[in-house]
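The following exercises concern a single protein chain. Each task is followed by a solution in steps.

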Amino acid sequence: MPVVDVSLEELQRLTGEEKSEEEFKEDLFALGLEYEGETEDGKMQLEFGPDRLDRLSVEGVARSLRYQYGSDRGVTIPKTNDADWTIEVDASVPDERPYVTGAIVRGLDLDEAGLESLIQLQEKLHATMGRKRAKGAIGIHDLAMVKGEVLDETNAGNSITYRGVDPDGDRFVPLDSDAELTPGEVLERHATGRKYADLVSEYERYPAIYDELGLFSFPPVINGRRTEVDTESRELLVELTGTDQWTIDRMCTIICYALSARGATIEEVDVEYADGAQTPDDGASLVRPDFSVDRKTVSHDRIESMLGVELDADEVVDLFERSGLDATYTLGDAVEYEVEIPPYRVDVLHPLDLVDDVGRAYGFNELEPKYPDVSTVGGRHERSRLENVARSSLVGLGFEDLLNFHMISAAENYDRMRLAEGDDALGGGAAVTITEPYSEDYTMLRTWALPSLVMVLENNTHRSYPQDLAEIGLVAHEDDAEPTRVHEGRHVAGVLARHDATYEDAKARLAALCRDFDVNLETPATDHPSFIPGRAADVVVDGDPVGVVGEFHPEVLVEHDLELPVAGFEFELDALR
């Protein structure tokens with residue numbers, strides 16, 4: 001989950017409320033932001049769902065609180081001045097990263113706290129919507145240090161150019177450097193260049209942004225030192241490049257709203273795609289930033305049935321406005337609301353998202369729980385009872401029970417475990433992938449559970465040993481024989497990390513678990529890429545092969561920075577029935 005650092009003083013100033021830290025914590029929790037602790041300099045660390053990316057800065061958090069307090073109501077759109085700058089997109093731009101957007105920011109009074117917040121927002125957007133800069137990257141420049149080229153004799157406006165550059169082409173001085181380097185040299189010699197080299201290293205030409213003086217930005221890798229922003233900067237150029245126009249437009253919008261909250265004025269820029277350049281669906285000529293308002297409809301009956309409360313139409317409109325939305329309704333056989341959604345709300349994808357906003361504005365703590373109007377009372381499912389008993393047995397065997405995310409990345413699920421998709425081994429099934437994931441860390445449903453436990457061990461190398469961990473959780477893989485073409489199952493997995501962990505230790509725990517359920521266990525030798533040859537076996541329960549047990553391969557341990565032996569097992573939960 002994203003975590004944002006928020007200064008209490010900044011929160012008080014931007015909300016206009018002289019509340020204590022404890023009072024703010026309660027208000028923030030009502031919005032879905034959980035207090036996670038403090039930084040070394042006393043800032044609150046707030047964790048929230050990855051859907052509300054407009055809250056990745058103190059300005060966004062304060063805006064949500066102002067709506068909650070009633071200080072602001074309805075949709076607000078920053079006023080913009082007409083464009084004086086143009087971003088010209090040359091046909092030489094790499095096809096792999098064709099799109100650009102931007103804005104001019106004027107009249108900014110940027111103190112140290114404001115600069116820190118801007119940098120944090122930039123990096124958090126890179127990590128989330130930008131997918132570690134692969135899908136979208138942000139460059140923020142001191143406009144006073146950018147010398148625009150005059151457009152033509154009839155237009156006194158300024159222009160910069162987004163174009164391609166050869167790896168050994170024009171030189172510039174990157175941030176945190178005193179030497180002029182070519183783009184190729186940046187990827188080899190500069191720390192930031194090496195970190196993001198894989199994003200562009202395969203391109204024939206690299207993305208670059210030029211003004212009249214030359215190259216000043218090398219997206220998505222690093223900006224030039226000439227246009228570095230500091231607290232003396234009063235006017236900014238914000239430019240974003242990426243692989244998807246909608247994504248970089250939304251990232252730009254969130255930044256513009258944050259800077260507008262600090263009193264800045266937003267100025268439009270024209271984006272002109274040259275003949276031969278790859279253009280977005282909106283066309284070859286764009287005016288940015290895109291502050292267009294989206295609209296969705298939701299029925300009154302759906303709101304009442306989902307929340308379980310009776311509301312009149314005007315009250316619902318009031319709750320929408322307290323959520324930062326605008327709504328109008330039509331009367332007829334059924335009341336329907338047409339809701340206007342501000343451009344920074346990238347999370348509103350479905351009418352249910354609107355119902356959620358109404359519920360939060362109403363106050364989920366104000367909702368009264370009640371039994372559904374049916375003739376039966378729910379109880380535990382047989383599978384749930386089996387899981388609970390199995391968990392109790394695992395805890396009794398000395399394991400610490402865990403609950404990990406069901407989503408994972410392909411690298412964690414396959415590569416770091418020495419496994420390949422399609423391998424005829426536990427975990428090698430074809431992955432169920434997410435079409436548009438928010439993060440590169442969670443791109444698919446895991447095909448087995450052991451990688452999740454090994455990741456926990458990797459994150460716990462600073463803690464004492466032994467570490468005996470277990471989990472019962474969801475796994476999935478593609479299966480054309482299933483009606484949904486996806487096979488889902490619950491697996492039991494356990495790992496033992498200690499100086500003397502062996503195959504025999506893992507098998508002994510597994511055998512004890514099977515005895516608790518009165519099932520017959522056999523362990524014929526097998527080969528599995530994640531385990532040491534000769535130290536792995538199939539888990540066969542009542543004659544059916546259902547899993548694997550063994551000692552993890554040294555390459556798996558080294559990949560996860562583990563310096564102790566680790567043994568483990570995994571099998572299908574249904575085998576214990």
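**Exercise 1.** In this predicted model, determine which exposed residues lie on the face of helix α11 turned away from its buried side, and establish where the buried residues of α11 stand around the axis.

*Solution.*
1. The face of α11 turned away from the buried side carries Ser392 and Gly396, both exposed.
2. The buried residues of α11 are Leu386, Glu387, Ala390, Arg391, Ser393 and Leu394.
3. These buried residues span an arc of only 160° around the axis, and therefore lie on the same side of α11.
4. The cover over them includes the strands β18 (400-402), β22 (467-478), β23 (486-497) and β27 (566-572), together with α14 (503-516).
5. As to its length, α11 comprises 15 residues (382-396) and reaches 21 Å from first to last C-alpha, close to the 21 Å expected at 1.5 Å a residue.
6. Gly398, with a positive phi near 100°, follows the helix α11.

**Exercise 2.** Classify the ring pair Tyr257 and Tyr344, and state what the pair ties together.

*Solution.*
1. Two quantities describe a pair of aromatic rings: the distance of the centres and the angle of the planes.
2. For Tyr257 and Tyr344, the centres are 4.7 Å apart and the planes stand at 65°.
3. Planes over 60 degrees apart count as edge-to-face, so the pair of Tyr257 and Tyr344 is edge-to-face.
4. Tyr257 belongs to helix α7 (residues 245-260), whereas Tyr344 lies in the loop between β17 (336-341) and α10 (351-362); the pair therefore ties together parts 87 residues apart in sequence.
5. Buried means under 20% relative accessible area. Tyr257 has 5% relative accessibility and so counts as buried; Tyr344, at 2%, also counts as buried.

**Exercise 3.** Apply the procedure to Phe405 and Tyr442, then describe the open sheet that contains β19, β21 and β20.

*Solution.*
1. The ring centres of Phe405 and Tyr442 lie 5.4 Å apart with planes at 85°, so this pair is edge-to-face.
2. Phe405 is in the loop between β18 and β19, and Tyr442 in the loop between β20 and β21, 37 residues apart.
3. Tyr442 has a relative accessible area of 32% and is therefore partly exposed.
4. The 3 strands of the open sheet follow the order β19-β21-β20 with antiparallel pairing.
5. Its edge strands, each pairing on one side only, are β19 (407-408) and β20 (432-433).
6. Between β19 and β21 (residues 444-445) there are 2 bridges, and Met407 stands opposite Leu445 in β21.

Definitions and conventions. Residues numbered from 1 in each chain as written. Predicted model: local features only at pLDDT ≥ 70, side-chain atom pairs only at ≥ 80, totals over all residues. Heavy atoms only, no water. Helix = DSSP H or I, 4+ residues; strand = E, 2+ residues; numbered from the N terminus. Expected span 1.5 Å × (residues − 1). Buried < 20%, exposed > 50% of the residue type's maximum accessible area, 1.4 Å probe, protein only. Arc of directions from axis to C-beta. Contact = heavy atoms within 4.5 Å. Pairing = 2+ DSSP bridges. Phe/Tyr/Trp six-rings, centres within 6.5 Å; stacked < 30°, edge-to-face > 60°.
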